[in-house]
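Hi,

Here is the structure I promised to pass on. Please open it alongside this note; my findings follow below.

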Amino acid sequence: MAAESDAFVVEGTFALPYNYFAGRVGSTWLVALRDEQKIYGVRHPQTGKVFVPPRQVDEKDFTDLTGDWVEVGPEGRVTGFTVIRYREPYQPLPVPFGLALIQLDGADTSIVHVVRGEDLGQLSVGRRVRAVFARERKATILDIAHFAPV
Amino acid sequence: MPPKPLSEELIHREHMARFPQRWSTGPVMGKFLKALRDEKRIMANVCPRCGRSQVPPREVCAVCRVAATQFEEVGPAGTLRNFDVVYYASPDPVTGQSREVPYATAYVELDGAKGGATFWHELHETDMTKLRRGLRVRAVFEEDGKRTGAITDIKYFEIIEGEA
């Protein structure tokens with residue numbers, strides 16, 4: 001017979017190795033964040049649609065998009081958002097912070113990024129935000145430290 | 001804007017995400033794990049209706065669905081009933097590292113287990129051609145002071161040389 005006193009607590013870890021290859025298009029974009037502090041997109045040669053982040057080919061017709069790089073932002077508008085207010089060990093940042101879809105000026109698609117500064121309770125769809133670049137940049141998406149309300 | 005040449009520098013990121021976990025063993029698994037840690041004994045429990053062993057033990061008999069409250073020691077030796085040879089290792093969920101391959105896992109019918117119940121663990125053998133059903137194997141425990149109350153308190157099973 002097992003008793004309640006036989007139970008004990010196990011502390012464990014769940015580890016996930018993660019290996020990310022940005023590829024030539026993604027690398028071009030990340031290197032520009034690091035070295036130029038500029039955000040680029042690629043423009044479809046026929047439809048004119050600007051994709052940010054850039055991609056090799058169009059999602060529908062597979063046209064190569066990498067011949068026409070355009071600078072976008074650094075300002076844009078929030079097209080969707082949530083505010084993270086709870087603390088968990090795996091959160092990448094101290095709370096609270098916003099996670100928002102941001103359509104940069106000149107872009108037709110939105111990127112997901114962090115919104116900080118100002119009262120996050122005031123965050124709304126349509127809010128204007130501006131990219132704040134990290135001082136120390138390593139060619140990752142966090143070379144944009146966060147977006148701040150304008 | 002002139003055409004932007006694609007970067008010659010290729011960006012690659014390696015990252016290990018770690019998620020802390022915390023859970024209770026419950027009384028039945030707790031009894032099993034404590035017996036491994038404190039006594040180097042493998043405890044099964046026995047169904048009062050069908051009489052089969054369960055190892056590791058569980059609250060109810062998986063077949064009869066009645067509470068299985070009687071515990072019995074089984075092993076530490078047993079008979080290899082089936083095995084798998086692994087050539088493609090998934091990452092260890094605790095460390096995130098992938099281990100050396102090939103390695104083998106074993107389904108061991110521990111001595112004293114009833115109803116053909118087998119216990120699944122690692123089989124320590126580098127020569128995979130030696131493996132066959134019916135081999136006699138035994139549990140090798142982690143040394144004193146290093147056992148934590150985990151299934152890894154049994155390091156692995158090893159072949160008992162000279163026994164059929």
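**Backbone outliers and their surroundings**

A139(A) counts as buried because 21 other C-beta atoms lie within 10 Å, and the cut-off for buried is 20 or more. Keep in mind that this is a predicted model. The phi of A139(A) is near 60°, a positive value in a residue that is not glycine. Look for A139(A) in the loop of chain A between β8 (128–133) and β9 (144–149).

Chain B has a residue to set beside it. K40(B) is not a glycine either, yet its phi is positive, at about 50°. K40(B) sits in the loop that links α1 (26–39) and β2 (42–46) of chain B. Is K40(B) buried or partly exposed? K40(B) is partly exposed, because it has 16 C-beta neighbours inside 10 Å and the buried class starts at 20.

Why flag these? Most residues other than glycine have a negative phi, and most peptide bonds are trans.

Chain B also has cis peptide bonds. One joins G75(B) and P76(B), with omega about 5°. P76(B) belongs to the loop between β4 (70–74) and β5 (77–86) of chain B. Another cis bond runs from V101(B) to P102(B), and its omega is near -5°. P102(B) is in the loop between β5 and β6 (103–110) of chain B. Check that your force-field setup keeps both.

**Where the chains meet**

How many residues does each chain bring to the contact? Chain A brings 36 residues and chain B brings 35. On the chain A side, β1 (9–21), α1 (23–36) and β4 (69–72) each supply at least two residues. The largest share there is that of β1(A), with 13 residues. By type, the chain A side divides into 23 nonpolar, 9 polar and 4 charged residues.

Strand pairing crosses between the chains as well. β1(A) and β1 (residues 12–24) of chain B run antiparallel, joined by 13 bridges. To find the register, start at P17(A): it stands opposite M16(B) in β1(B).

**Cores**

The largest nonpolar core has 30 residues. Which of them touch the most other members? They are L30(A), L33(A), I39(A), V52(A), V72(A), I102(A) and F147(A). Several elements of chain A give two or more residues to this core, among them α1, β2 (39–43), β3 (50–51), β6 (97–104) and β7 (111–115). α1(A) gives the most, with 6 residues.

L33(A) leads back to the first loop above. Leaving out residues up to four places away in sequence, L33(A) touches I39(A), R137(A), A139(A), D143(A) and I144(A). The positive-phi residue A139(A) is thus one of the contacts of L33(A).

Apart from this core lies another, of 28 residues. Its members include L36(B), V108(B), L110(B) and A139(B).

**A small sheet in chain B**

One open sheet in chain B has 3 strands, in the order β3-β2-β4, with antiparallel pairing. Its edge strands are β3 (53–54) and β4 of chain B, and each pairs on one side only. Between β2(B) and β3(B) there are 2 bridges, and these strands run antiparallel. For a landmark, take V46(B): its bridge partner in β3(B) is S53(B).

Best wishes

Notes:
Residues are numbered from 1 along each chain as its sequence is written. Chains are lettered from A and ligands numbered from 1 in the order in which they are written. This is a predicted model: local features need pLDDT of at least 70, side-chain atom pairs count only at pLDDT 80 or more; totals for chains, interfaces and linings use all residues. Helices (H or I, at least four residues) and strands (E, at least two) are DSSP runs, numbered from the N terminus. A residue is buried if 20 or more other C-beta atoms lie within 10 Å of its own, exposed if 12 or fewer, and partly exposed in between; C-beta atoms are placed from the backbone. Two residues are in contact if their C-beta atoms, placed from the backbone, lie within 7 Å. Ala, Val, Leu, Ile, Met, Phe, Trp, Tyr, Cys and Pro count as nonpolar, Asp, Glu, Lys and Arg as charged, and the others, Gly among them, as polar. Two strands pair if DSSP finds at least two bridges between them. A nonpolar core is a set of buried Ala, Val, Leu, Ile, Met, Phe, Trp, Tyr and Cys residues joined through C-beta atoms within 7 Å.
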